[in-house]
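Biologist: I am new to this structure and would like a close look at one part of it, the nonpolar core. Please take me through the residues that build it, the elements that surround it and the places nearby that deserve a careful reading.

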Amino acid sequence: MTLVASANDEVTVNVLELICMSCAEHILAGCRQIEGVASVEVDRKERLVTLRFDSSLTTRDRILAAVDDVVASIP
């Protein structure tokens, strides 16, 4: 996972494991469960995941760590 872009309340990461629809669904479902996440968008073609979050509830580093955990849990 590589950080592509970041703002106060949004982060975009490149996820090499984002290959098939099943992987995309697993990542979407997992990322939606992260505390403070307001929305998740997945671009399978570019292998990008963009998360918008409430910066009063969480931090960019916590989001990145949680996304890393979600990706690591792909069966």
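Modeller: What follows begins with the core itself and then turns to the helices, the strands, a loop and a pair of cysteines.

This is a predicted model, in which local features need a pLDDT of at least 70 and side-chain atom pairs count only at pLDDT 80 or more, while totals for chains, interfaces and linings use all residues. Residues are numbered from 1 along each chain as its sequence is written, and side-chain values use heavy atoms, with hydrogens and water left out.

The largest nonpolar core (a set of buried Ala, Val, Leu, Ile, Met, Phe, Trp, Tyr and Cys residues joined through side-chain atoms within 4.5 Å) has 22 residues, and those with the most contacts inside it are I27, C31, I34, V49, L51, I63 and V67. Two or more residues each are given to this core by β2 (10-14), α1 (21-32), β3 (37-43), β4 (48-53) and α2 (60-72), where helices (H or I, at least four residues) and strands (E, at least two) are DSSP runs, numbered from the N terminus. The largest share, six residues, comes from α2. As a general background, nonpolar side chains in soluble globular proteins tend to be buried together.

The helix α2 has 13 residues and reaches 18 Å from its first C-alpha to its last, close to the 18 Å expected at 1.5 Å a residue; the expected span of a helix is 1.5 Å times one less than its number of residues. Its buried residues are I63, L64, A66, V67, V70 and V71, where buried means under 20% relative accessible area, exposed over 50%, and partly exposed in between, with a 1.4 Å probe and protein chains only. Seen down the axis of α2, these buried residues fall within an arc of 165°, so they line one face of the helix; the arc is that of the directions from the helix axis to the C-beta atoms. On the other side of α2, D61, R62, D69 and A72 are exposed. The buried residues of α2 pack against β1, β2, α1, β3 and β4.

One residue that α2 meets is I34, which is found in the loop between α1 and β3. Although I34 sits in a loop, it is buried, with a relative accessible area of 12%. Leaving aside neighbours within four places in sequence, I34 is in contact (heavy atoms within 4.5 Å) with L51, I63, A66 and V67. I34 and D61 are 27 residues apart in sequence, with 12 Å between their C-alpha atoms.

The other helix to consider is α1, whose twelve residues reach 16 Å from the first C-alpha to the last, close to the 16 Å expected at 1.5 Å a residue. Its buried residues are C23, A24, I27, L28, G30 and C31, and what covers them includes β3, β4 and α2.

Turning to the strands, β2 is mostly covered, as four of its five residues are buried. β2 and strand β1 (residues 2-6) pair in the antiparallel sense over four bridges, where two strands pair if DSSP finds at least two bridges between them. β1 and β2 form a hairpin with three residues between them, and L3 stands opposite V13 in β2. β2 also runs antiparallel to β4, joined by five bridges, with E10 opposite R52 in β4.

Another loop, between β3 and β4, holds R44, which is partly exposed, with a relative accessible area of 38%. Not counting residues within four places in sequence, R44 is in contact with L18, I19, C20, M21 and A24. The C-alpha atoms of R44 and G30 are 14 residues apart along the chain and are separated by 16 Å.

Which residue holds the cysteine sulfur closest to that of C20? The sulfur in C23 is the closest, at 3.2 Å, which is too far for a bond, since a disulfide is a pair of cysteine sulfur atoms within 2.5 Å. A search of the whole structure finds zero disulfides. C20 is partly exposed, with a relative accessible area of 32%, whereas C23, at 12% relative accessibility, counts as buried.
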